[in-house]
Amino acid sequence: IRTKEQFIDYVSDKLEIENGELEDYCSNDDILNEQYGLNSDNFMALIVPETYEVNWTTHINELFELIEKSYNEVWTKAKKDKAKAIGYTVPEVVTIASIVQSESGIKTEQQKIAGVYINRLKQDMKLQADPTVVFANGNFDVQRVLSADKDIDSHYNTYRYKGLPPGPICLVNTSTIDAVLNFTKHNYTYFCAKADFSGYSNFTNDYKVHMKNATAYQAALNQKEIKR
């Protein structure tokens, strides 16, 4: 589940809650702000991916009590304070984590990648994160982002717009949130997946070196005939 719409469809299929009722709740900025400090764009920051035990007849308020309980168990005062200490709100941390998680599932890499994105944000650079382009295009099966994909006019397209996208681009694991809150401090502003497909990346703050790394990775994709 990556989008609010997917969440609504999934829940309404499993429970006796009408799709429209969920849509109204998840899009009500007044309720979301008052109850959770969120809005309809970053609503997905509320959802902790885990198993929720509910009955078919569970009421919408009961469902969100369970969801809020899990959210509060993750977002303790200590974690909220840590987010504030590094200069971000809870939904902003979740949004960064969603991009980082989409880049890598390796904790040490996640911490380094989070450091890259935070460096870029601090330096007022565009994030230029491929996973946000995938999200903006809505085709989640692609293995390769093309130059044409980066032209889409969406605030989730971080090649076009500076700063963070409006909200998370996927449900985020607690471990990834921890990786962002404990990001590796370094001076890198670029990274690219290694051409050996090991899941690790090459990091640098030199654009020319980065382009060399990117060319090697593109060549490896071509060799494996991964065109999309």
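**Two helices, a covered helix and a tyrosine**

Hi everyone, let's start at the N-terminal end: helix α1, residues 4-14, and helix α2, residues 19-26, have axes that come within 9 Å and cross at roughly 140 degrees. That crossing angle makes α1 oblique to α2, and the crossing is right-handed. Keep in mind that this is a predicted model.

Which residues of α1 and α2 meet? From α1 we have K4, F7, I8, D9, V11 and S12, and across from them in α2 sit N19, L22, E23 and C26. By type, the residues of this contact are five nonpolar, two polar and three charged.

Now over to helix α7, residues 107-122. With 16 residues at 1.5 Å a residue, α7 should span 22 Å, and its end C-alpha atoms are indeed 22 Å apart, so the two agree. Its buried residues are E109, Q110, Q111, I113, A114, G115, V116, Y117, I118, N119 and R120. What covers them? The cover includes helices α6 (90-103) and α9 (174-181), along with strands β1 (190-193) and β2 (201-204). Just past the end of α7, have a look at D124, which takes a positive phi of about 60 degrees.

My last stop is Y188, in the loop between α9 and β1. Is Y188 buried or partly exposed? Its relative accessibility is 26%, so Y188 counts as partly exposed. Leaving aside residues up to four places away in sequence, Y188 touches K112, V116, N119, F203, T204 and N205. Two of those partners, V116 and N119, are among the buried residues of α7. As for K82, Y188 is 106 residues from it in sequence and 22 Å from it in space, C-alpha to C-alpha.

Key. Residues numbered from 1 in each chain as written. Predicted model: local features only at pLDDT ≥ 70, side-chain atom pairs only at ≥ 80, totals over all residues. Heavy atoms only, no water. Axes fitted to C-alpha atoms, helices over the stretch in contact; angles between N-to-C directions. Helix = DSSP H or I, 4+ residues; strand = E, 2+ residues; numbered from the N terminus. Parallel < 35°, antiparallel > 145°, perpendicular 65-115°, else oblique. Left-handed = near helix turned anticlockwise from the far one by under 90°. Contact = heavy atoms within 4.5 Å. Nonpolar A, V, L, I, M, F, W, Y, C, P; charged D, E, K, R; others polar. Expected span 1.5 Å × (residues − 1). Buried < 20%, exposed > 50% of the residue type's maximum accessible area, 1.4 Å probe, protein only.
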